[in-house]
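I opened my notebook to look around this structure one topic at a time. Here is what I wrote down as I went.

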Amino acid sequence: MLRGKSEDEIALIRESSLLVGKTLAEVASLIKPGVTPLELDKRAFEFISDHKAIPGFLNFNGFPNSLCISRNEAVVHGIPDNKPLIDGDILSVDCGVLMNGFYGDSAYTFAVGEVSEEVQRLLDTTKRSLYKGIEQAIAGNRVGDIGSAVQEEAESAGFGVVRELVGHGLGRKLHEPPEVPNFGKRGRGTKLIDGLVIAIEPMINLGKKDVTQLRDGWTIVTADRKPSAHFEHTLVVRKGKAEVLSTFEYIEEKLNVIV
Ligand code: MG
Ligand code: MG
């Protein structure tokens with residue numbers, strides 16, 4: 001049985017989610033050619049610790065770092081390494097924090113310097129597909145309404161939708177029921193209830209939808225090794241309109257993105 005969170009619980013998840021947004025903005029301000037993913041990870045660890053919170057991914061199922069950093073053909077779960085970023089890379093940065101007993105979870109894909117028009121279209125489409133999904137996250141709808149909205153937005157742009165990894169409920173645990181796929185059929189799946197807190201996180205590939213895992217036991221890459229993007233928000237299902245608890249506002253201030 002799914003349970004909606006209380007307003008007190010939602011308030012704490014909102015705080016954790018805001019800290020994730022601020023951490024990603026801190027990371028955003030450092031991203032440029034020459035910087036290494038490990039440097040970004042170190043800064044995120046310090047920033048989260050300075051705010052008396054715990055990096056949500058560090059040691060989660062044995063993950064070795066605070067951020068998942070997935071470059072170019074890496075979809076998600078990339079382990080930060082010491083290879084300097086180069087102009088034209090894209091970098092998906094996924095961040096979770098645990099504060100006051102509750103998680104927040106959000107991800108953003110950054111362009112390093114100048115990226116090709118095609119890759120920029122992938123980034124824009126993936127972010128737009130996230131918001132299409134969020135529009136469907138209202139009480140009385142079903143999980144399939146979210147998935148089909150994301151899928152339609154991505155596939156109509158000619159991109160591949162990853163099937164193997166999905167969004168999720170969250171709260172006292174990083175991953176709670178229900179699973180929230182980025183594909184599906186309208187009107188199908190688990191019914192969404194008022195107060196349900198979920199993360200929606202489209203993983204969209206420039207090429208085909210298929211993925212594979214590297215031998216490091218973590219990194220998911222596209223099977224065709226073409227780039228992949230990932231955007232994620234934590235939000236609460238409400239009647240009429242979802243309330244997004246995480247934010248890209250701080251990130252996009254740093255990036256001077258006009259939204
Ligand atoms: Mg995440
Ligand atoms: Mg997540």
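**Entry 1: the sheet of 3 strands**

In what order do the strands of the open sheet of 3 strands lie? I looked it up in this predicted model, and the order is β6-β10-β13, with antiparallel pairing. I then checked the edges: β6 (160-161) and β13 (228-230) each have a single partner strand, so one side of each is left without a neighbour in the sheet. Between β6 and β10 (residues 203-205) I found 2 bridges, in the antiparallel sense. One pair I could point to is G160 with its bridge partner N205 in β10. A helix also joins the picture: α3 packs on this sheet and touches β10 and β13. The direction of α3 makes about 35 degrees with that of β13.

**Entry 2: the sheet of 5 strands**

Next I turned to an open sheet of 5 strands, in the order β8-β7-β9-β14-β15, again with antiparallel pairing. Which strands stand at the edges? I found β8 (176-180) and β15 (243-244) there, each with a single partner strand, so one side of each has no neighbour in the sheet.

I also noted the helices on this sheet. α1 touches β9, β14 and β15, and its direction makes about 165 degrees with that of β14. α4 packs on the sheet too, touching β8 and β9, at about 40 degrees to the direction of β8.

**Entry 3: a look at β14**

I gave strand β14 its own page. On one side β14 joins β9 through 4 bridges, and the two run antiparallel. β14 (residues 233-236) also pairs with β15, in the antiparallel sense over 2 bridges.

I followed single residues across these pairings. I198 stands opposite L235 in β14, and L235 in turn stands opposite V244 in β15. V236 has E243 of β15 opposite.

Are the faces of β14 covered or open? I found both faces covered: H233 and L235 are buried on one side, and T234 and V236 are buried on the other. The hairpin of β14 and β15 has 6 residues between the strands, and G240 takes a positive phi near 90 degrees there.

**Entry 4: the magnesium ions**

Which residues coordinate the magnesium ion (ligand 1)? I listed D94, D105 and E232, with distances of 2.0 to 2.5 Å, and D94 appears twice in the list, each time through OD. Along the sequence these donor residues are spaced D-x10-D-x126-E. D94 sits in strand β4 and D105 in strand β5, 11 residues apart. I looked up their accessibility as well: D94 counts as buried at 7%, and D105 counts as buried at 2%.

For the magnesium ion (ligand 2), the protein donors are D105 (OD), H168 (NE2), E201 (OE) and E232 (OE), 2.1 to 2.3 Å from the ion. Their spacing in sequence is D-x62-H-x32-E-x30-E. D105 lies in β5 and H168 in β7 (residues 167-169), so this pair ties together parts that are 63 residues apart in sequence. Both D105 and H168 are buried.

How far apart are the magnesium ion (ligand 1) and the magnesium ion (ligand 2)? I read 3.2 Å, with D105 bridging them.

**Entry 5: the nonpolar cores**

I then looked inside. The largest nonpolar core has 53 residues, and I31, L40, A137, I146, I198, I200 and I251 touch the most other members. Several elements each supply at least two residues of this core, including α1 (7-28), α2 (37-50), β4 (90-99) and α3 (117-135). I picked A137 for a closer look: leaving aside neighbours within four places in sequence, A137 is in contact with residues that include I146, L192, I198, I200 and L235. There is also a second, separate core of 13 residues, with I10, F102, L170 and L174 among them.

**Entry 6: the cysteines**

How many disulfides does the structure hold? I counted 0. Why is C95 not bonded to C68? The two sulfurs are 9.4 Å apart, too far for a bond. Both cysteines are buried all the same: C68 has a relative accessible area of 7%, and C95 counts as buried at 0%.

Technical notes. Residues are numbered from 1 along each chain as its sequence is written. Chains are lettered from A and ligands numbered from 1 in the order in which they are written. This is a predicted model: local features need pLDDT of at least 70, side-chain atom pairs count only at pLDDT 80 or more; totals for chains, interfaces and linings use all residues. Side-chain values use heavy atoms; hydrogens and water are left out. A nonpolar core is a set of buried Ala, Val, Leu, Ile, Met, Phe, Trp, Tyr and Cys residues joined through side-chain atoms within 4.5 Å. Buried means under 20% relative accessible area, exposed over 50%, partly exposed in between (1.4 Å probe, protein chains only). Contact means heavy atoms within 4.5 Å. Donors are N, O and S atoms within 2.8 Å of the metal (3.2 Å for Na, K and Ca); water is not among the atoms, so sites may look incomplete. Two strands pair if DSSP finds at least two bridges between them. Axes are lines fitted to C-alpha atoms, for helices over the stretch in contact, and angles run from 0 to 180 degrees between N-to-C directions. A disulfide is a pair of cysteine sulfur atoms within 2.5 Å.
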